[in-house]
Amino acid sequence: MLTHFDSLFDLLAAFPDEQSCIDHVRAIRWQDGEFCPHCGGTRVYHFSDRKTFKCADCRERFSIKVGTIFHDTKLPLRKWFMALWMITNHPKGIASTTLAKDLKVTQKTAWHVLHRIRHAARTSSFNASLKGTVEGDTTFIGGKERNKHAHKRTPGSQGGFATKAVVLGMVEREGELRAFHVRDTRVKTVQDIVRNNVAKGSALMTDEDRVFRGLGADYFHHTVNHSEGEYVRNYTVHANTMESVWALLKRQIIGVHHWVSSKHLHRYVDEMTWRFNRRDMKVTARMNDVFSCIEGRLPYKALIA
Ligand SMILES: [Zn+2]
């Protein structure tokens, strides 16, 4: 059913016009059966324009975009598809200024499109608990570099930002990543997130930061002492995967977006997490994975509130 595309060129050939995009969204959204986005009814009438549907139960007319990230959009779906391709296939994501030029839209439109796609990507993750061997770590984004511990400094951003934000990450070795912008670094705040995301009894590798102290009650907790330069105590006790995740996050935030506000930081963290967790997927699979989570709208008002 799903068309194969390995490049942006293939994508544009597979979806030559608005109708082909509508048909694709419909095929994905209704793969388990047709339903009304208003009342959930399953008796749906099709109009001959192939764009309009009507519910036999609540009598509402609707398009296939109602209730998805494409809700209310004036932008042709073809441009959305191009944006989806770019954000899912550029290894570091894409800046709204770049996307605006590529799609011939305003930067405000590009910014909103990217945030809606990030919103879609977010809804599909955060399900199963991590288990086995899990690395946990925190990093600072922004803030005065000189106040940070050596291994938490961001190269090239010395003296840059006045405020700092903390991101907590947990990654299963050879598995999935969960990362969150945390509001504060109280022990309870951080450990509640760890306990909600890592299965009890897992092996947990962290540094000696106070926020991780006490987790030994629920996990086989091993620590690495960064202050003494002890990054790898033996072959298993290390947080190297998290270190590479932070490098990735910082390259995306500083390299692509230059800087993001604390208010929106969680969206970029989610995008990086989404991309990391799909690092082994092929192009088409990754695209269709985003298509499969288009449910749920993100109005502009909610985004800027
Ligand atoms: Zn209905």
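**Notebook: strand 7, the zinc site and two helices**

I began with strand 7, where Ala203, Met205 and Asp207 point one way and Leu204 and Thr206 the other way, and all of them are buried. The model I am reading is predicted. The general rule I had in mind is that side chains in a regular strand alternate between the two faces of the sheet. I then checked the cover of strand 7 as a whole: the strand spans residues 203-207 and is mostly covered, with 5 of its 5 residues buried.

Next I looked up the partners of strand 7. Strand 4 (residues 133-142) runs parallel to strand 7, and 3 bridges join them. In that pairing I found Thr133 opposite Ala203. Strand 8 (residues 220-224) also pairs with strand 7 in the parallel sense, over 5 bridges. Here Ala203 stands opposite Phe220. I noted that Ala203 therefore has Thr133 of strand 4 opposite it and Phe220 of strand 8 opposite it, and that Ala203 is itself buried, since under 20% relative accessible area counts as buried.

I turned to the metal. Which residues coordinate the zinc ion? I listed Cys36, Cys39, Cys55 and Cys58, each through its SG atom, at 2.3 to 2.4 Å. Along the chain these donors follow the spacing C-x2-C-x15-C-x2-C. Cys36 and Cys58 link distant parts of the chain, 22 residues apart: Cys36 lies in the loop between helix 2 (18-29) and strand 1 (44-46), and Cys58 in the loop between strand 2 (53-55) and strand 3 (61-62).

I looked at the geometry too. The angles among the 4 donor atoms are 103 to 116 degrees, and the site is tetrahedral. For four tetrahedral donors the ideal angle is 109.5 degrees.

Are Cys36 and Cys58 buried or exposed? Cys36 counts as buried because its relative accessibility is 1%. Cys58 is partly exposed because its relative accessible area is 29%.

I went on to helix 2 and helix 3 (residues 77-89). Their axes come within 8 Å and cross at roughly 65 degrees. From helix 2 I noted Glu18, Cys21, Ile22, His24 and Val25, which meet Leu77, Arg78 and Phe81 of helix 3. I sorted the residues of this contact into 5 nonpolar, 1 polar and 2 charged.

My last entry is His266, which I placed in helix 8 (residues 265-277). His266 counts as partly exposed because its relative accessibility is 27%. Its C-alpha atom is separated by 8.8 Å from that of Val182, and the two residues are 84 residues apart along the chain.

Conventions. Residues numbered from 1 in each chain as written. Predicted model: local features only at pLDDT ≥ 70, side-chain atom pairs only at ≥ 80, totals over all residues. Heavy atoms only, no water. Donors = N, O, S within 2.8 Å, 3.2 Å for Na, K, Ca; no water. Tetrahedral: all angles 85-135°; square planar, octahedral: opposite > 155°, others 65-115°. Helix = DSSP H or I, 4+ residues; strand = E, 2+ residues; numbered from the N terminus. Buried < 20%, exposed > 50% of the residue type's maximum accessible area, 1.4 Å probe, protein only. Axes fitted to C-alpha atoms, helices over the stretch in contact; angles between N-to-C directions. Contact = heavy atoms within 4.5 Å. Nonpolar A, V, L, I, M, F, W, Y, C, P; charged D, E, K, R; others polar. Pairing = 2+ DSSP bridges.
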